[in-house]
Amino acid sequence: DGIYSGRSINTARSGTTLITFKKATESDHGAATGWSSTYGDGQAVTTDWEVTSASGYVTWDGQTEYGIKIDFGEGQNGILLGSGSGGAPNVTVRYVDLDGIPQTGGYFYNFEGRCINAWQGSNNLTVHHCRLRGQDTLMYCDNNDGWLVEYCDMLDSRSANAAVHQNIIFIWSGSDNGTIRYNRIHNWNTEGIFFTGGGATGWKIYGNLFYDGVDTARGIEIR
């Protein structure tokens, strides 16, 4: 438990070798020497993270519900995968709270932010049993294949600034063969799952619950 800084991960990929950040719990905490049960009964809270395009095969594992919290604000990315030079593939995020700006009303965003912002080539991203909330766009998929988003709570994607375009998941053309299933999507306006740019194929979307949309709150839009 405690408060930590996020970091930029630029370790070069080595085959499929994983880099794992795991929340310590009473049942899984490494060496017993120096361990106290109070170290494992709360959250590990961090600031934002980046995985550079040189890296990939990174896992965040909160182990229990929201055992890890990534706390970030307006105009930031909770997790940034890659950059304009390429993406970071084979990333897994589970039991993590990506916490932007929790809200009941529309927040007046001056800058765009994303809970997970994935540049082209961030293939095979898996996000499950997470909470993503409080940004104008919760997930941004820029020409990435093989995504799996499941069992997540996705909420608070609302803006009072008409110049900011809200999306639960923004999916550019060329992003193929993803699955979005068994998620709760609520307290959002404008776009839910938004396909744009001319063509994305092979997606499966099922078992999701959309509720408490505000004003124009589309569940799925294809443009």
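Which residue in β8 is the bridge partner of W49?

1. The partner is I79. This is a predicted model, and the pair is a convenient place to start reading it. The two strands concerned are β5 and β8, the latter covering residues 77-81, and they pair in the parallel sense over three bridges.

2. The pairing of β5 with β8 belongs to a wider arrangement. Eight strands form an open sheet, in the order β2-β5-β8-β11-β14-β17-β20-β23, with parallel pairing. At the edges stand β2 (8-9) and β23, and each has a single partner strand, so one side of each is left without a neighbour in the sheet.

3. Strands β4, β7 and β10 should be followed next. Strand β4 (residues 44-46) runs parallel to strand β7 (residues 68-71), and three bridges join them. One residue pair to look for is T46 with its bridge partner in β7, I70. On to strand β10 (residues 96-99), β7 is joined by four bridges, again in parallel. Here I68 has V96 as its bridge partner in β10.

4. Strand β14 (residues 137-141) contains Y140. Is Y140 buried or exposed? Its relative accessibility is 15%, and because buried means under 20%, Y140 counts as buried. Leaving aside neighbours within four places in sequence, Y140 is in contact with R114, I116, N117, A118, W147, F170 and W172. A residue further along the chain also deserves a look: I168 is 28 residues from Y140 in sequence, yet the two C-alpha atoms are 8.5 Å apart in space.

5. The residue before Y140 in the numbering, M139, leads to the nonpolar core. In soluble globular proteins, nonpolar side chains tend to be buried together. The largest nonpolar core in this model has 38 residues, and those with the most contacts inside it are W60, L98, L132, M139 and M154. Not counting residues up to four places away in sequence, M139 touches I116, L125, V127, L132, W147, V149, M154, I168, I169 and F170.

6. Two residues should be checked for their backbone angles. Phi of Y57 is near 55°, a positive value in a residue other than glycine. Y57 lies in the loop between β5 (49-51) and β6 (58-61). For D215, too, phi is near 55°, and this residue is likewise not a glycine. The loop that holds D215 runs between β22 (209-211) and β23 (220-222).

7. How do Y57 and D215 stand with respect to the surface, buried or exposed? Y57 has a relative accessible area of 17% and is buried. D215 has a relative accessibility of 75% and counts as exposed. The cut-offs behind these two words are under 20% for buried and over 50% for exposed.

8. The last point is the largest pocket. About 230 Å³ of space lies in it. Of the 14 residues that line this pocket, Y4, K22, K23, A44 and T46 are the closest to its centre. Strands β3 (19-22) and β4 each supply at least two residues of the lining. By class, the lining has nine nonpolar, two polar and three charged residues. T46 thus appears twice in this note: it is among the residues closest to the pocket centre, and it is the bridge partner of I70 in β7.

Definitions and conventions:
Residues numbered from 1 in each chain as written. Predicted model: local features only at pLDDT ≥ 70, side-chain atom pairs only at ≥ 80, totals over all residues. Heavy atoms only, no water. Pairing = 2+ DSSP bridges. Buried < 20%, exposed > 50% of the residue type's maximum accessible area, 1.4 Å probe, protein only. Core = buried A, V, L, I, M, F, W, Y, C linked by side-chain atoms within 4.5 Å. Contact = heavy atoms within 4.5 Å. 1 Å grid on protein atoms, 1.4 Å probe; cavity = no way out; pocket = protein on both sides within 12 Å on 5 of 7 lines; lining within 4 Å. Points joined across faces, edges and corners; volume = space filled by probe spheres on them. Nonpolar A, V, L, I, M, F, W, Y, C, P; charged D, E, K, R; others polar.
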